[in-house]
Structure formats: structure tokens, C-alpha cells
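Let's take a relaxed walk through this one, from its outside to its inside. Have the sequence and the 3D view at hand as you read.

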Amino acid sequence: MKYLHPELETMARPELEEYQLDRLKNILKKVSETPFYSNKFKEANIDISQINTIADIRKLPFTTKEDLRNNYPYGMAAVPMEEVVRIHSSSGTTGNPTVVLHSQQDLDWWAEQVARCLYMVGLRKTDVFQNSSGYGMFTGGLGFQYGAEKLGMVTVPAAAGNSKRQVKFIVDFGTTAIHAIPSYATRLAEVMAEEGYGIGHKPTKLKTLVIGAEPHSEGQRKRIEEVLGVKAYNSYGLSEMCGPGVAFECTEQNGLHIWEDSYIVEIVDPVTLEPVKDGEIGELVLTTLKRDAMPIIRYRTRDLTSFMPGECPCGRTHRRIARLQGRSDDMIILKGVNIFPIQIEKILMQFKELGTNYLITLQTVNNNDEMIVEVELNELYSEDYNEIKSLASEIRRQLKDELLVTPTVKFVNKGGLPQSEGKAVRVKDLRSFK
Ligand code: ADP
Ligand code: ZN
């Protein structure tokens, strides 16, 4: 069978929209009984009886990360606390953590949804699935754990770090699929090679990689696929919606299907808050249709993406979003120019001479703000000073064309940049006035 949930994954659009509307009405009824949303709707002067089509959702106010913080920890519960069985919290990449409550029903559905994603990229109960992301409050651990178990795979909850042990598990248990954040996937490939496994060494059974939780470019994906000898699929999710499993690439590797039976998906201009056209980048806004303990209406994810036009050859009817461009708050403003770290990554990954780890530092020198891009140089690359110098100036030229500001490019040896166990820190802002 091609789909895990064929009746949902391939539902015709009109039917899917009817399904969404039905659930939207139920969820609105439910949240309007919570103090948080009843106040919010009152303030916005909106009555839920005015919501009769999917498009009417635009009449409803947004929910922001600030709302979640202000209602920490239990203020947004939509069920009595005795129904709550688990608390997760976001990684806190930007500011204080927020808390998300789950009932048993939420956990069951979340596992189904992750299982659907894993099935979509060809994983079956005969696979051995190793999860190298942190467990605990971070949803990438337990989220994938239960999803993979639901599919009946052998699961290896290796958790983050200890790369040698990670490699030993891959070899001993015959791991066929692994979940890793992009910055860790390349590290793992290095350690595998050191231990004598992988491309050019003793083969392993690894064939599939699930990568997500942080922005990465197409170039980075290709690199990871090459060094690990796997197919890598982009996985997107956020704690506020459940965790991983919100959107996932299919085997076409061309955009991520976002599960519209579980979410109403909008992409809006972050300034005007009006919907953008297909193909145009904006902020992803999600409304949960199935969450029980803590439904969220029109959540501003701050993640930037676009709708991909057209239908996917895989036959799934749920819309695809493009690779995530980063968060609106990742944006660097340097000398009045808006820059996203992913633009820099895209250029760097085109150079075979470079490794995958890089760090962008912003600093003020003599009242002048400048950008330094430090990037790893592959070991095998030349030691000829002139060659290295001309490589640096070519990279600088291409970065300038893309960014319209001229950074300083510095090379470091492999392993010379800090490696984080969790999400990678790509930007260090040391400017006097930000
Ligand atoms: P935090 O916001 O503290 O990092 P989460 O652990 O919930 O909290 O992480 C969710 C966020 O991670 C998303 O909102 C998004 O910014 C980022 N993210 C998740 N998956 C991807 C992906 N595949 N590509 C780019 N960014 C991602
Ligand atoms: Zn598809």
C-alpha cells in the first residue's frame, strides 16, 4: 500500500475542505469556552457563529508565541487538568520556553501523524529506526519515538550526542533509518568515517535520513545525502502544533506536504498580515483541527515559507510548502539590508572545497558594522596560499552578489567551529547597537 491513511491523504479538495470546516467549527466551540479565547474573541469583536467557511477564518485574531508565554503554564488548557497526560516545551531557541499540553488523544493522533510521514518516505515495520535527537521536553525525541513504534519498526532511542556509540548502534543493530538535525547529520558522517564505516569504507544498512528541526538549504541536504549515502527527507514541525509530523517531504523530495486534515494552513505577509499568493514567501499560520488539550487558533509560527503551486505526482492532495527559509526573527539587518542565514548557506554549499559547518559573526569595528563568515575548509583541499586566497575572494564575491553587503570570509580547519548538540547556532551578534 502506498499510503498509511489513504482516505485522508488523498481526499479530494472539496471533501477535504468540508472535513476541515466541520472540525474548525467544533474546535471553535471548544476554545470559546476557555477564558483565553473567549476574551480574545470578545476583544476582536467576533462571534464564532460568523465563521461559516474556511476563508472566514481570517476574521479571527492571531495567536502568538507571546500569548503562550503570557499564559504559561496552564492558561491555555481546553480540558480539565486530569485529562492532561504530558507536557512538552519548545527548545527555547528564541527566548523563554513555551509549554504545550497533551491529552492521551493528542499523543495517539500525533504518533499516527508521525507514522504517516515515516511511511510516506518508504519506512515499514521491517526497518530499524534510530533517533539521534534529544529526548525530554524537546518534541523531536518522544515525537519520533512513538511514531516509529506505531509503524512497528525496531526503534533505537539513542538520543543526542556520543557519536561513537551512535555509530556502534548503526552497525550492531543494522539501523536502516535515522532521524537527526542537519548540523548533527554531517558530524555523524565524519565519525562514521573515522570508525571505518560509510561511503568509501565498510558499508552499513543506512538508507534513509529524516532531517529537520532547523533550517537547511538544498545544498546542505545534497551534501548530507552524499556523505552518508542516504536519501534525506525534510521534516518540519513545532511544539505548539504537536512537534514533528506537521509537514514532511514525500519521495518526490520537492516540497513538504502539510497535513491539512489536522491544520488549516495560511501563509501571510508578516507586515500586512494579508494572505500571499502561491509561490510568494510569507509567514506560516496554523490552526489546529484535532488538538484536544490545547487547540490553537491562527498561530503565527514566524516560520517563512511559500505554498508550492500544482499537484504532487505522489497523489496526496494536501498542499506542499517549500523548504523553510528560517524564522522572521532570524533575519539579520546589516547596514539596512535584510539578510537570512540560509542565503549565506546556499552560497557556501556550492563550494566543494568547504565543509558544512559555518558561523556568521556580526561586529562593530570603528563604528562600522561588519559581517564575518567563518567556514570549515575540507581537509583535502590545497595548502597553496594563493589558491586559498582566490577561493576566499570568489566566495566573497558571490556572497556580495546575493546579500548586497561584503562580508569577510575566513577559513577554519574541520572541527574548528563550535558544534552544538541541539540546534546549531549560526549567528553571533556582537554589534554595539542592534
Ligand atoms: P523552538 O522555537 O524553541 O526551536 P521547537 O523545538 O518547537 O521550538 O522547534 C520548532 C521550530 O524549529 C520551528 O518553528 C522552526 O523554526 C524550526 N524548524 C523545525 N523544523 C524545521 C525544518 N524542517 N526546517 C527549518 N526549520 C525548522
Ligand atoms: Zn507528494
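## A look around the model

Tyrosine 74 comes out as partly exposed, because its relative accessible area is 41%, which falls between the 20% and 50% limits. Keep in mind that this is a predicted model. You'll find tyrosine 74 in the loop that runs between helix 4 (65–70) and strand 1 (84–89). On the surface, Tyr74 joins Met81, Ile87 and Met137 in a nonpolar patch, and together they have about 350 Å² of accessible area.

### Charged pairs

Side chains of opposite charge can pair when their charged atoms come close. How many salt bridges does a search of the whole structure find? The count is 27. Here are three of them, with the distance given for nitrogen to oxygen.

| Pair | N to O distance |
|---|---|
| Arginine 13 and glutamate 17 | 3.6 Å |
| Aspartate 261 and arginine 116 | 2.8 Å |
| Glutamate 249 and arginine 221 | 2.8 Å |

Start with arginine 13 and glutamate 17, which form a salt bridge. Both sit in helix 2 (residues 13–31), and because they are four residues apart there, about one helical turn separates them. Arginine 13 counts as partly exposed, with 27% relative accessibility, and glutamate 17 also counts as partly exposed, with 36%.

Now for aspartate 261 and arginine 116, whose closest N and O atoms are 2.8 Å apart. This pair links distant parts of the chain, with the two positions 145 residues apart: aspartate 261 is in the loop between strand 9 (256–258) and strand 10 (263–268), while arginine 116 is in helix 5. Are these two buried or exposed? Aspartate 261 counts as buried, at 0% relative accessibility, and arginine 116 is buried as well, again at 0%.

The side chains of glutamate 249 and arginine 221 also meet in a salt bridge. Glutamate 249 belongs to strand 8 (residues 243–249) and arginine 221 to helix 9 (residues 218–228), so this pair ties together parts that lie 28 residues apart in sequence. Both glutamate 249 and arginine 221 are buried.

Some salt bridges share partners, and in this way Glu9, Arg116, Asp261, Lys290 and Arg316 are joined into one network.

### Empty spaces

Rolling a probe the size of a water molecule over the atoms shows where empty space is left. For this structure, the search finds three cavities of 30 Å³ or more. The largest cavity has a volume of about 90 Å³. Its lining is made up of 13 residues, and those nearest the centre are Trp109, Met241, Cys242, Tyr263 and Arg291. Which helix gives the most to that lining? That would be helix 5 (residues 104–120), with four residues. Sorted by class, the lining of the largest cavity has six nonpolar, four polar and three charged residues.

Next comes the second largest pocket, with about 610 Å³ of space. It is lined by 22 residues, and Ala189, Glu190, Val227, Asn378 and Lys414 lie nearest its centre. Helix 8 (182–194), helix 9 and strand 17 (354–365) each bring at least two residues to this lining, and the largest share, six residues, comes from helix 8. By class, the pocket lining has nine nonpolar, six polar and seven charged residues.

Definitions and conventions
Residues are numbered from 1 along each chain as its sequence is written. Chains are lettered from A and ligands numbered from 1 in the order in which they are written. This is a predicted model: local features need pLDDT of at least 70, side-chain atom pairs count only at pLDDT 80 or more; totals for chains, interfaces and linings use all residues. Side-chain values use heavy atoms; hydrogens and water are left out. On a 1 Å grid over the protein atoms alone, a cavity is a set of points where a 1.4 Å probe fits but cannot get out, and a pocket is an open set with protein on both sides within 12 Å along at least five of seven lines; lining residues have an atom within 4 Å of a point. Grid points are joined across faces, edges and corners, and a volume is the space filled by probe spheres set on the points. Ala, Val, Leu, Ile, Met, Phe, Trp, Tyr, Cys and Pro count as nonpolar, Asp, Glu, Lys and Arg as charged, and the others, Gly among them, as polar. Patches are made of residues with over 30% relative accessible area and no salt bridge: like charges are joined within 9 Å, nonpolar side chains (Val, Leu, Ile, Met, Phe, Trp, Tyr) within 5 Å. Accessible areas come from the Shrake-Rupley method with a 1.4 Å probe; for residues, only the protein chains shown count as cover. A salt bridge is a side-chain nitrogen of Lys or Arg within 4 Å of a carboxyl oxygen of Asp or Glu. Buried means under 20% relative accessible area, exposed over 50%, partly exposed in between (1.4 Å probe, protein chains only).
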